[in-house]
Amino acid sequence: MSSIRQFQVTFDCKEPERVARFWCEVLGYVVPPPPEGFATWEEFDRSQPPEEQGSWFGCSDPSEVGPRLYFQRVPEEKVAKNRLHLDVRVGTGLVGQERLAALEAECARLVALGAVRVRLLPADEENESCIVMQDIEGNEFCLD
């Protein structure tokens, strides 16, 4: 039996710090302290070669349960649907109107942060309702 391994989720994006801070707000994640010898991340970033400045940013679950999120700058634009997406679990254990109300409340909070509501996927015989959304750079995720 193999041991459980930690993993991080990596996002390709245009503005790593901006997208990282968005996901911190969505998930309650935090930005770790800057590297030793630097008072702020901005100070650390300014110490890097110009081509490396702003090229990545990370955040983590303060409870250390969820995976680290890493955001890296890439030159190309997003052109297709994600092959992988996050399900933000806000309706776990809820059904019907109670679930919809929880999803809609979280959707409103995230739209205020810059997310975009794409569509509601209503409950069917196999699945409860969820809301498909996009983050501030168009990456799809679901409120589940």
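Biologist: In what sense do strand β6 and β7 pair, and over how many bridges?

Modeller: In this predicted model, β6 covers residues 130–134. Within this pairing region, Met133 stands opposite Phe141 of β7. The sense of the β6 and β7 pairing is antiparallel, and the number of bridges is four.

Biologist: What is the order of the strands in the open sheet of four strands?

Modeller: The edge positions belong to β4 and β5 (116–121), each of which pairs on one side only. The pairing in this open sheet is mixed, and neighbouring strands are turned by 25° against each other on average, direction ignored. The order is β4-β7-β6-β5.

Biologist: Which helix packs on this sheet, and what angle does its direction make with that of β6?

Modeller: The helix in question touches β5, β6 and β7. The packing element is α3, and its direction makes with that of β6 an angle of about 10°.

Biologist: Which residue forms a salt bridge with Arg109, and how is the pair placed in helix α3?

Modeller: The side chain of Arg109 meets that of Glu106 in a salt bridge at 2.8 Å, N to O. Arg109 is partly exposed, with a relative accessible area of 33%, whereas Glu106 is buried at 14%. Because the two residues are three apart in helix α3, the separation of Arg109 and Glu106 is about one helical turn.

Biologist: Is Asp144 buried or exposed?

Modeller: Asp144 meets Arg89 in a salt bridge at 2.8 Å, N to O. Arg89, at 55% relative accessibility, counts as exposed. Asp144 has a relative accessibility of 17%, and since buried means under 20%, Asp144 counts as buried.

Biologist: How many residues apart in sequence are the parts that the pair of Arg89 and Asp144 ties together?

Modeller: The side chains of Arg89 and Asp144 meet in a salt bridge. Arg89 lies in the loop between β4 and α3 (96–112), and Asp144 in the segment after β7 (140–143), so the parts tied together are apart in sequence by 55 residues.

Biologist: Which residues are joined into one network by salt bridges that share partners?

Modeller: The structure holds eight salt bridges. Among them is the pair of Arg89 and Asp144. Through shared partners, one network joins Arg89, Arg99 and Asp144.

Biologist: Which distant parts of the chain does the salt bridge of Lys14 and Glu77 link?

Modeller: The side chains of Lys14 and Glu77 meet at 3.5 Å, N to O. Lys14 is partly exposed, with a relative accessible area of 45%, and Glu77 is likewise partly exposed at 49%. The two residues are 63 residues apart, and the linked parts are the loop between β1 (8–13) and α1 (16–27) and the loop between β3 (68–73) and β4 (86–88).

Biologist: In what order do the elements of the protein run from the N terminus on?

Modeller: The protein has three helices and seven strands. From the N terminus on, the order of these elements is β-α-α-β-β-β-α-β-β-β.

Biologist: What share of the exposed area do carbon and sulfur atoms supply?

Modeller: Of the 144 residues of the protein, 32% count as buried. The C-alpha trace spans about 55 × 40 × 30 Å along its principal axes. The protein exposes about 9,300 Å², and the share supplied by carbon and sulfur atoms is 53%.

How values were computed
Residues are numbered from 1 along each chain as its sequence is written. This is a predicted model: local features need pLDDT of at least 70, side-chain atom pairs count only at pLDDT 80 or more; totals for chains, interfaces and linings use all residues. Side-chain values use heavy atoms; hydrogens and water are left out. A salt bridge is a side-chain nitrogen of Lys or Arg within 4 Å of a carboxyl oxygen of Asp or Glu. Buried means under 20% relative accessible area, exposed over 50%, partly exposed in between (1.4 Å probe, protein chains only). Two strands pair if DSSP finds at least two bridges between them. Axes are lines fitted to C-alpha atoms, for helices over the stretch in contact, and angles run from 0 to 180 degrees between N-to-C directions. Contact means heavy atoms within 4.5 Å. Accessible areas come from the Shrake-Rupley method with a 1.4 Å probe; for residues, only the protein chains shown count as cover.
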